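Dear colleague,

I am passing on the structure we spoke about, together with a summary of what came out of going through it. Please read the notes below with the coordinates open beside you.

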Amino acid sequence: MSVEQNTNKMTPDVLVCPLCGEANGCSYAAGRPHSECWCNQAVFPEGVFDPIPAELRRKSCICKSCLDTYKKKTEQEEEPHS
């Protein structure tokens with residue numbers, strides 16, 4: 001995870017996913033209109049942000065890859081076992 005020490009406070013890099021540490025592709029954080037962001041077409045299921053430490057939530061966006069990974073994992077958990 002990409003964070004800086006700033007007077008003993010964790011400051012996340014707004015262009016980095018807080019889950020994997022890779023670029024999050026956030027248009028808004030990059031200075032472009034929010035309407036250009038990939039997240040406008042995305043659905044974020046309940047619980048997707050739970051793995052992010054509370055002090056880092058809502059400070060930077062997760063990436064599409066982490067969102068897709070979460071969705072695949074939860075879909076597999078919900079599938080009935082034969």
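Among the contacts in the chain between residues at least 6 apart in sequence, 49% join residues that are at least 24 apart. Please keep in mind throughout that this is a predicted model. The chain has 82 residues, of which 24% count as buried, and its accessible surface comes to about 6200 Å², with 49% of that surface belonging to carbon and sulfur atoms.

As for secondary structure, the chain comes to one helix and two strands, and the elements run β-β-α from the N terminus on. The loop between β2 (9-12) and α1 (64-78) is where L19 is found, and N24 and R58 have their places in that loop as well.

L19 can serve as an example of contacts between residues apart in sequence. Leaving out residues up to four places away in sequence, L19 touches V48, P51, I52, I62 and C66. With C66 in particular, the separation is 47 residues in sequence, while the C-alpha atoms of L19 and C66 are 7.1 Å apart in space. L19 has a relative accessibility of 33%, and therefore counts as partly exposed.

N24 is buried, because its relative accessible area is 3%, and the cut-off for that class is under 20%. If neighbours within four places in sequence are set aside, the residues in contact with N24 are V14, L15, V16 and C17, then W38, and finally S60, C61, I62 and C63. I62 thus appears in the contacts of L19 and also in those of N24.

R58 is exposed, with a relative accessible area of 84%, where the class begins at values over 50%. The backbone of R58 may merit a look on your side, since R58 is not a glycine and yet has a positive phi of about 65 degrees.

Turning to the aromatic residues, a search of the whole structure finds two aromatic pairs. In the pair of W38 and F44, the ring centres are 5.9 Å apart and the planes stand at 45 degrees, so this pair is tilted. The pair that F44 forms with F49 is stacked, with 5.8 Å from centre to centre and 20 degrees between the planes. W38, F44 and F49 together form one aromatic cluster. How do the members of this cluster stand with respect to solvent accessibility, buried or exposed, or somewhere in between? W38 counts as partly exposed, at 22% relative accessibility; F44 is likewise partly exposed, at 30%; and F49 is partly exposed too, with a relative accessible area of 37%.

F49 leads on to the last item, the largest pocket, which has a volume of about 350 Å³. It is lined by 15 residues, and F49, R58, S60, C61 and I62 are those that lie nearest its centre. By residue class, the lining of the largest pocket divides into 11 nonpolar residues, one polar residue and three charged ones. Several names met above return here: F49, a member of the aromatic cluster, R58, with its positive phi, and S60, C61 and I62, which are in contact with N24.

With best regards

Terms used
Residues numbered from 1 in each chain as written. Predicted model: local features only at pLDDT ≥ 70, side-chain atom pairs only at ≥ 80, totals over all residues. Heavy atoms only, no water. 1 Å grid on protein atoms, 1.4 Å probe; cavity = no way out; pocket = protein on both sides within 12 Å on 5 of 7 lines; lining within 4 Å. Points joined across faces, edges and corners; volume = space filled by probe spheres on them. Nonpolar A, V, L, I, M, F, W, Y, C, P; charged D, E, K, R; others polar. Phe/Tyr/Trp six-rings, centres within 6.5 Å; stacked < 30°, edge-to-face > 60°. Buried < 20%, exposed > 50% of the residue type's maximum accessible area, 1.4 Å probe, protein only. Helix = DSSP H or I, 4+ residues; strand = E, 2+ residues; numbered from the N terminus. Contact = heavy atoms within 4.5 Å. Areas by Shrake-Rupley, 256 points an atom, 1.4 Å probe, with all protein chains shown as cover.
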